[in-house]
Amino acid sequence: MKFFETSDSFLLRSSHILFSLYVISLFFTEIQLPGSLWEKTRLSDTLFIAFALASLPLVWKNREFLFRLFIDKKIRYLVIALLLWPIINIISSVVAQSYISLQESVGRLFLSLACLYSFVFFTFSKYRSFQSLTYGLWGWVASIVAICAVTLYCFGLWSGDYNWCSYWENYPYFGSIFRLEGVTASPAFFNSLLIPSFYLMVCVYKLNKSKWTLSALIFILISSALTFSKSSLLLVPAIMYLFTFRLYERIKPILWFSSILLFVGITHVVIIGNTKNQSLLQTNYIGKKALYKGTNFSLYPSSYLEMKKVAVNMFSRNCLIGVGTGRYNLTLDEYKSVNQEITSVASFDPHSSWTGTMAENGIFGLMLIGVFSILFFFMKKELDSSSPHFIFYKWFFLMMLAESLCMDILNLRHYWFFIAVFTAQLVHDRFRLKLS
């Protein structure tokens, strides 16, 4: 598969090269260049800026074509929502009078503009160029990273050098384990890169039946399993599709619903035997008050559920604009000083795009991500169902909805990258003839 289309334009070739480097860097977001403006600036951000500067003359040259896109109201609404998102965050930061909050808002502004610019570039760029970048480059880089991760994980367990994994003591359902995290900030973050990669490679394998693709799938699956992340449950529908398409087609609504229901259940409720796993009660993975106490076991709220309760409490006190972008942890620490019942809740991120947005940005932020979800749902239905990768976008959309319940996906760069590619795919599928 070619990663680039042959072109007479030096700027277009340069833009593709820089964008390819940017895509690769999304797997290594922990790399920070010396002299960065602030601690959250990463190598990927620098590469994206270089790509944007290189491709800006091409974007300007095609400005008339791009303006015609906004004839369609769904595209227009999506662009407006992308621009409103950072505006709401900045307003929330100004009201909170917090420099940390303002920094976080600037970061989200960058993500929104990067997504919008990527969509614009992909739209006028040749169709096969951005498709190859997405399906070829992303999938195979993910495969190489997965192979390295599994190899170094096994080597680490043998040698005691745990650079690509982290030790979690009394982890729910698994006990004390080493979780594979690659070169990302956490195992869950690493898994959020692996899952869409697995979806993508399943679609590629269905097309070419290559042994190399199958090998890549196996390593990605093993890497995902070694993260011991709840998100690995979302791979079940893809595995079913891999082995039997017809059976999957018949039961896919039940399969998706049960996978997501199980995913939500085990992340929000922890089962503890009345004589076993009592050490879990001393960790910050679960709350202190049991939801149910039986003869042989008890049900306790997980930290995900406890953090959502705190987020709802924050929202109730600041309904309109929230406590400020990125101020969930600081506000939680303030709550802990006066409320002993929530001292066991870890001061992590809110681990939910929905309740986190409620707490930090109020009702306006919550309504906006609701608009995002509705727009993507209707846009997904209008994709070309004959496209070989149509199933990938359906899986990815459902995965985003599931992950948004237990992860702050709006802070992850690679999700914004896929949103840009998804929207550009829609334009080429639906409007290419009308706009040509």
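Strands β1 (residues 165–171) and β2 (residues 175–180) run antiparallel and are joined by five bridges. One of the bridged pairs puts Tyr 167 of β1 opposite Phe 178 of β2. The two strands make a hairpin with three residues between them, and in it Tyr 173 takes a positive phi near 75°. Keep in mind that this is a predicted model.

Further along the chain there's another bit of strand pairing to look at. Here three strands form an open sheet in the order β3-β5-β4, with antiparallel pairing. Which strands stand at the edges? They are β3 (269–273) and β4 (292–293); each has a single partner strand, so one side of each is left without a neighbour in the sheet. Strands like these pair through backbone hydrogen bonds, in either a parallel or an antiparallel sense.

β3 and β5 (residues 297–301) share five bridges, and one of the pairs is Ile 272 with Ser 298 in β5.

Here are the two pairings side by side:

| Strand pair | Sense | Bridges | A bridged pair |
|---|---|---|---|
| β1 and β2 | antiparallel | five | Tyr 167 and Phe 178 |
| β3 and β5 | antiparallel | five | Ile 272 and Ser 298 |

Now zoom out to the whole chain. How many helices and strands does the chain have? There are 16 helices and five strands. Of the 436 residues, 54% are buried. Among contacts with a separation of 6 or more, 70% link residues 24 or more positions apart. As for the surface, the chain exposes about 20,300 Å², and carbon and sulfur atoms supply 66% of it.

Definitions and conventions
Residues are numbered from 1 along each chain as its sequence is written. This is a predicted model: local features need pLDDT of at least 70, side-chain atom pairs count only at pLDDT 80 or more; totals for chains, interfaces and linings use all residues. Side-chain values use heavy atoms; hydrogens and water are left out. Two strands pair if DSSP finds at least two bridges between them. Helices (H or I, at least four residues) and strands (E, at least two) are DSSP runs, numbered from the N terminus. Buried means under 20% relative accessible area, exposed over 50%, partly exposed in between (1.4 Å probe, protein chains only). Contact means heavy atoms within 4.5 Å. Accessible areas come from the Shrake-Rupley method with a 1.4 Å probe; for residues, only the protein chains shown count as cover.
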